Structures are given as structure tokens and as C-alpha cells.
Amino acid sequence: MEAPVALVTGASRGIGKRLCADLAAAGYDVVCTARSSDASRGALPGTIEETAALVRAAGRRALAVALDVRDEEGVAALAERVFGEWGRCDLLVNNAALAPPKPALEDTTKRWRLGVEVNVNGPFYFVYYFAPRMKPGEGRIVNISSGASQAPEFGRASYTTTKAALEAMTRALAHDLRGRTALNCIQLELPVWTEGFAATLPPGVDFPFEDPVIMSDAVLWLARQPLDVTGQVLTIAELRARGAVRPFTPATRS
């Protein structure tokens, strides 16, 4: 049988990188997409090629594609390529996100629009172009949100607003896709170690970070659920209570 295919956005580092490696270990061929590539490195470490190498090391096929999720034409072209070359996409994980570090009213309106484009429009483009081509009954989509969606005191109105919008979009599009593709959302409500999150913390601020492997547990659990498990926004605590996520796992920081 052909291996299932997963696509992960924001795959160059952090949660996305770990997801790609763990999905490969679970038997998926993986499309790794993000902006950071060997040809265009970001300020933080990690590239899609490095992540793809982890997938291949697990014995699975990998496709590394440099892409900005704001690029609708690029997303459409990627859907054509994935279904044309690999013939399927069974799991889509909308993981890429932007969390502007300043309070919105002290920042630029350009940065506000950037948050909306990355955190809301980007996931919508991927659902729009990939969901209709997934095999009916077999496709699974997971959006990654944050506990900040329910916490205005987080101090980043752009992130809170766009993640709340992503959760609402999850419910609405799951309704539209019912009976065909399951669409759910993980609301990450506790600190998970990623290079991006760590880089935004003020000096001296620290948390008991968990390893991003817990997100792999959550995504793989949702990917294995029946089609009628859809339109849900679930926290890690809720998934732990269901036995879907391992107990507290301290992060190995690098």
C-alpha cells in the first residue's frame, strides 16, 4: 500500500520540525514547507531542507518547498504539485504562525495585517486548495491555535484576535466539510519549547517548557479519529485526559 502523505506548514523549526520527524516515524511521507530554506535562511536556526533530511532518515519520502503561507498562488501551485507528484494528501497541519511582540496599539498597522494574513488567511488558503482534493472520508486537517486566543492579558492583541479567528474558522469550515473531511484544532495552552517562542520572551522570563513531541501526540491522535470527530477545538489538557498525549515531558533546549 502507498504511504499516507502529510503536509506541515512552519516546518523549518520548532513544533513543525518535530511534527515532520514524528509523522515520518509514524509512516507518513511528508511535505515540509516554510519560508526558511538553505537558499533563504531566517534569523532563527532551521531550514526545510534540514527537516526533510530528518524525514528521509526515518525512511520516508520528503518534499521540501519554500513557501510563504500568504502567497495564495503559491499554495494553489503546491496543491497541484503534491497531488500531481504524490497523488494524495491525507493530513494537513496548519502550524505556521506569527506572534508580533509589541502591543498592537504601539505597533504598525502593517504588522497587524501581517498577523491576519499569516494566522488566518494562510490556513484558509491551504484548506481551500487541499481539502477538495482529499479523498472523501480519509482527509484530516489540524489547525494549531494557542491559549492566547482566550487570554487578552497575553498583551498581543494581533495574536489573540487571529488565533480566536482560526478557532472560529475551524468550526465553520468543519461544518462545511462534514461527511467528507475532518477538521479540528489544537489550542496549545501551555509553554512548549520552540526557538521562535523563546526569542520573543523578555530577559529573565522562563517557564517549565514542555517538549514539542506532545504536539505530535495530539496531531497523530486526531489523524486517527473517525470522520465524525470534527469541528473541535481541544486543549492539550483535554487531550491528556483522553490519554492522547503523554504526561509532562520537559523540553530539551538547544
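A nonpolar core is a set of buried Ala, Val, Leu, Ile, Met, Phe, Trp, Tyr and Cys residues joined through side-chain atoms within 4.5 Å. The exercises below use this term on a predicted model.

**Exercise 1. The nonpolar cores**

Identify the residues that touch the most other members of the largest nonpolar core, and the helix that gives the most to this core.

Solution.
- Step 1. The largest nonpolar core has 35 residues. Val-30, Leu-91 and Ile-186 touch the most other members.
- Step 2. With 9 residues, helix α7 (residues 213–223) gives the most to this core.
- Step 3. Another core, of 30 residues, lies apart from the largest one. Among its residues are Val-5, Val-69, Trp-86 and Cys-89.
- Step 4. In soluble globular proteins, nonpolar side chains tend to be buried together.

**Exercise 2. The surroundings of Ile-186**

List what Ile-186 touches, leaving out residues up to four places away in sequence.

Solution.
- Step 1. Among the contacts of Ile-186 are Val-142, Asn-143, Ile-144 and Ser-145.
- Step 2. Ile-186 also touches Met-215, Ala-218, Val-219 and Leu-222.
- Step 3. Leu-234 and Ile-236 complete the list for Ile-186.

**Exercise 3. Glu-210 and Arg-240**

Describe the salt bridge between Glu-210 and Arg-240, and decide whether each residue is buried or partly exposed.

Solution.
- Step 1. The closest N and O atoms of Glu-210 and Arg-240 are 2.5 Å apart. A salt bridge requires a side-chain nitrogen of Lys or Arg within 4 Å of a carboxyl oxygen of Asp or Glu, so the pair qualifies.
- Step 2. Glu-210 lies in the loop between α6 (195–200) and α7, and Arg-240 in helix α8 (residues 236–241), so the salt bridge ties together parts that are 30 residues apart in sequence.
- Step 3. Buried means under 20% relative accessible area. Glu-210 is buried because its relative accessible area is 4%, while Arg-240, at 23%, is partly exposed.

**Exercise 4. Further salt bridges**

State how many salt bridges the structure holds, and describe the pairs Arg-70 with Glu-117 and Asp-107 with Arg-111.

Solution.
- Step 1. There are 16 salt bridges in the structure.
- Step 2. Arg-70 and Glu-117 form one, with closest N and O atoms 3.7 Å apart. This pair links distant parts of the chain, 47 residues apart: Arg-70 is in the loop between β3 (62–66) and α3 (72–85), and Glu-117 is in helix α4 (residues 109–130).
- Step 3. Arg-70 is partly exposed at 34% relative accessible area, and Glu-117 is partly exposed at 30%.
- Step 4. Asp-107 and Arg-111 meet through their side chains at 3.9 Å, N to O. Asp-107 is buried at 16%, whereas Arg-111 is partly exposed at 31%.
- Step 5. A network of salt bridges links Glu-2, Arg-88 and Asp-90.

Conventions:
Residues numbered from 1 in each chain as written. Predicted model: local features only at pLDDT ≥ 70, side-chain atom pairs only at ≥ 80, totals over all residues. Heavy atoms only, no water. Buried < 20%, exposed > 50% of the residue type's maximum accessible area, 1.4 Å probe, protein only. Helix = DSSP H or I, 4+ residues; strand = E, 2+ residues; numbered from the N terminus. Contact = heavy atoms within 4.5 Å.
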